[in-house]
Amino acid sequence: MSEPGPLELLTSLCKRRGFVFPSSEIYGGINAVYDFGPLGVRLRRRIRELWWRDMVDLRDDVEGVEAAILMNPRVWEASGHLANFSDPLVDCLGECHQRWRADHVEGDRCPNCGGPLSAPRQFNLMFKTFIGPVEDETAVAYLRPETAQGIFVNFKNVLVSSRQRVPFGIAQIGRSFRNEISTGNFIFRLRELEMMELEWFCAPGDDVRWFEYWTERRLAWHHSIGLAPEHLRLRPHGEDEKAHYALASTDVEYLFPWGWGELEGIARRGDYDLRRHQEVSGKDLQYTDPVSGERYIPYVVEPSLGIDRTFLALLLDAYREEEVRGEKRVVLGLDPKVAPFEVAVLPLSKKAELIEVAHRVEADLRHHFATEYDETQAIGRRYRRQDEIGTPLAVTVDFDSLEDHAATVRERDSMEQVRVSLDQLAAVCRDKLGRPA
Ligand code: ATP
């Protein structure tokens, strides 16, 4: 048997430690859909919070919305998704009858059985459903394949109700659905995914400079959450691969174990979406410049990032195996900003006096940090668990603590231990986590 690769090792860790589970696993799962366990939920929340903080909270020119997943189907007619949101599909005409995305197949034979392939046909990626009890064409609705349209149809609502003036942005985080043809690579290509999108509205002609601004800023954000700069690159799209709405696009790519892959897409959407919604809805979606009085449909720059791919890139980037005193140690070297827990509190043994102090220490630290209390198993195994889930600091309460009112703080990466007085613990942890005072 061949050695497991980085993706298999990570998939197994994610299951074992409670980051990611196959959806409805007791029934054999469902393809390209996953559930997130206790640690996965923590990591995802931190990703969302870091994005929202950078894109919305720390700025005065971006507002948030949460639009519904179900929308009037005319939205998808206007946006071009009904006609254009499709991938070319080829069928194996040989033994296995598998289906492939034509642009993922090299040559003209089935990658599985070597059989001949059909001519490509376009397959729409939107999930279709029905609203109400009657399943006929008038009741058809779609699960949104992107959150962006929920922003465009609310452009006027946000403009009127907020005090924003162009240029400004509207941000949204939410679930999207894509009936992908070829899946695989764990959570890289899902059928149910979560996106974080910003639509930035600016004057026509200003979009080129804003596109540069957002490209630079988004790349810097990926660095700031701890992804290694050498595993990230920008790749402008060629003429033939641009989406139907895009004037230009650049992907932020990450070096996944199977090669470079899209992490985030940044696009100049021009006035495509608002213009189409104005045409199809008949509503005026123009903006009036308060100074010049000029009326125009704003141009849009869109950075669009998947939480799931960010999650995967962070874990792959953080995963390492080392040898410590003849034993293998698995470490998730996550940046403290994204680690599911920042501080673990561990009593050395289950003696009642130690447990009491440890509980008190944790109850205090909980107000400052994401903490976990753990009294199970031998201390070595508990350190191993914390290393494997990426907890940067572990505080151990031992018998000396009862006398010296201090505890040992162990760092995940260096494994260095220092003795810290209990009343200094929060300050020392804050410092070691690199948090501002
Ligand atoms: P691809 O070329 O990989 O199919 P795309 O160009 O269709 O992706 P976009 O429409 O630009 O992707 O989507 C924006 C972001 O949403 C992507 O950069 C990615 O992070 C995320 N994303 C898109 N599709 C999926 C998916 N099926 N599973 C997980 N994340 C996805």
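**Buried charges and a domain contact**

Let me begin with a single residue: Arg385 is buried, at a relative accessible area of 18%. The model under discussion is a predicted one, and every value I quote today is computed from it.

What does the side chain of Arg385 meet in a salt bridge? The partner is Glu372, with 3.0 Å from N to O. This salt bridge links distant parts of the chain, for Arg385 belongs to helix α11 whereas Glu372 belongs to strand β20, residues 371-373, and the two are 13 residues apart. Glu372 is buried as well, its relative accessible area being 14%. Since buried here means under 20% relative accessible area, Arg385 with its 18% falls within the class, and Glu372 with its 14% does so too.

I turn next to the helix that carries Arg385. Helix α11 spans residues 379-388, and its buried residues are Arg382, Tyr383, Arg385, Gln386, Asp387 and Glu388. An α-helix has 3.6 residues a turn, so residues three or four places apart point the same way. Just after α11 comes Gly390, whose phi is positive, at about 85°.

Glu388, in this helix, leads us to another part of the chain. Its side chain forms a salt bridge with that of Arg17, at 3.2 Å from N to O. To place these two residues, we need the domains. The assignment divides the chain into domain 1, made of 6-77 and 133-315, domain 2, covering 86-124, and domain 3, covering 341-432. Arg17 thus falls within the bounds of domain 1, and Glu388 within those of domain 3.

How far apart are the centres of domain 1 and domain 3? Taken over C-alpha atoms, the separation is 38 Å. Each domain brings 7 residues to the contact. The area buried between domain 1 and domain 3 is about 670 Å², and carbon and sulfur atoms account for 51% of it. On the side of domain 1, Arg17, Leu39 and Arg42 together supply 65% of the area buried against domain 3, more than any other three residues.

The polar side of this interface can be counted in two ways. There are 3 salt bridges between domain 1 and domain 3, and 2 residue pairs are in polar contact across the interface. Two elements give two or more residues to the side of domain 1 that touches domain 3: α1, residues 6-17, and α2, residues 38-57. The residues on that side comprise 3 nonpolar and 4 charged, with no polar ones.

Let us now widen the view to salt bridges in general. The structure holds 48 of them. One of these joins Asp273 to Arg269, with 2.9 Å between the closest N and O atoms, and both Asp273 and Arg269 are buried.

A further example is the pair Glu411 and Lys432, whose closest N and O atoms lie 2.7 Å apart. Because Glu411 sits in strand β22, residues 406-411, and Lys432 in helix α13, residues 425-432, this salt bridge ties together parts that are 21 residues apart in sequence. Are these two residues buried or partly exposed? Glu411 is partly exposed at 23% relative accessibility, and Lys432 is partly exposed at 31%. Salt bridges with shared partners also build one network out of Arg320, Glu322, Arg329, Asp387, Arg410, Arg412 and Asp413. Asp387, named in that network, is one of the buried residues of helix α11.

Two residues of domain 1 deserve a separate mention. Trp214 lies in helix α7, residues 207-224, and is buried at 0% relative accessibility. Beyond its sequence neighbours, Trp214 is in contact with Met55, Arg59, Leu198, Trp200, Ile266, Val301 and Pro303. Of these, Val301 is 87 residues away along the chain, yet its C-alpha atom is separated from that of Trp214 by 8.0 Å. Ser176, in strand β9, residues 168-177, is likewise buried, with a relative accessible area of 0%. Its contacts away from neighbouring positions include Arg144, Pro145, Glu146 and Thr147, and also Arg191, Glu192, Leu193 and Met195.

I close with the chain as a whole. It has 13 helices and 23 strands, and its C-alpha atoms fill a box of roughly 75 × 65 × 50 Å along the principal axes. Of its 437 residues, 49% count as buried. Among contacts between residues at least 6 apart in sequence, 65% join residues at least 24 apart.

How values were computed:
Residues numbered from 1 in each chain as written. Predicted model: local features only at pLDDT ≥ 70, side-chain atom pairs only at ≥ 80, totals over all residues. Heavy atoms only, no water. Domains from an automatic or database assignment. Contact = heavy atoms within 4.5 Å. Buried area = accessible area lost by both parts, 1.4 Å probe. Salt bridge = Lys/Arg side-chain N within 4 Å of Asp/Glu carboxyl O. Polar contact = N/O pair within 3.5 Å; in protein donor to acceptor, adjacent residues only side chain to side chain. Helix = DSSP H or I, 4+ residues; strand = E, 2+ residues; numbered from the N terminus. Nonpolar A, V, L, I, M, F, W, Y, C, P; charged D, E, K, R; others polar. Buried < 20%, exposed > 50% of the residue type's maximum accessible area, 1.4 Å probe, protein only.
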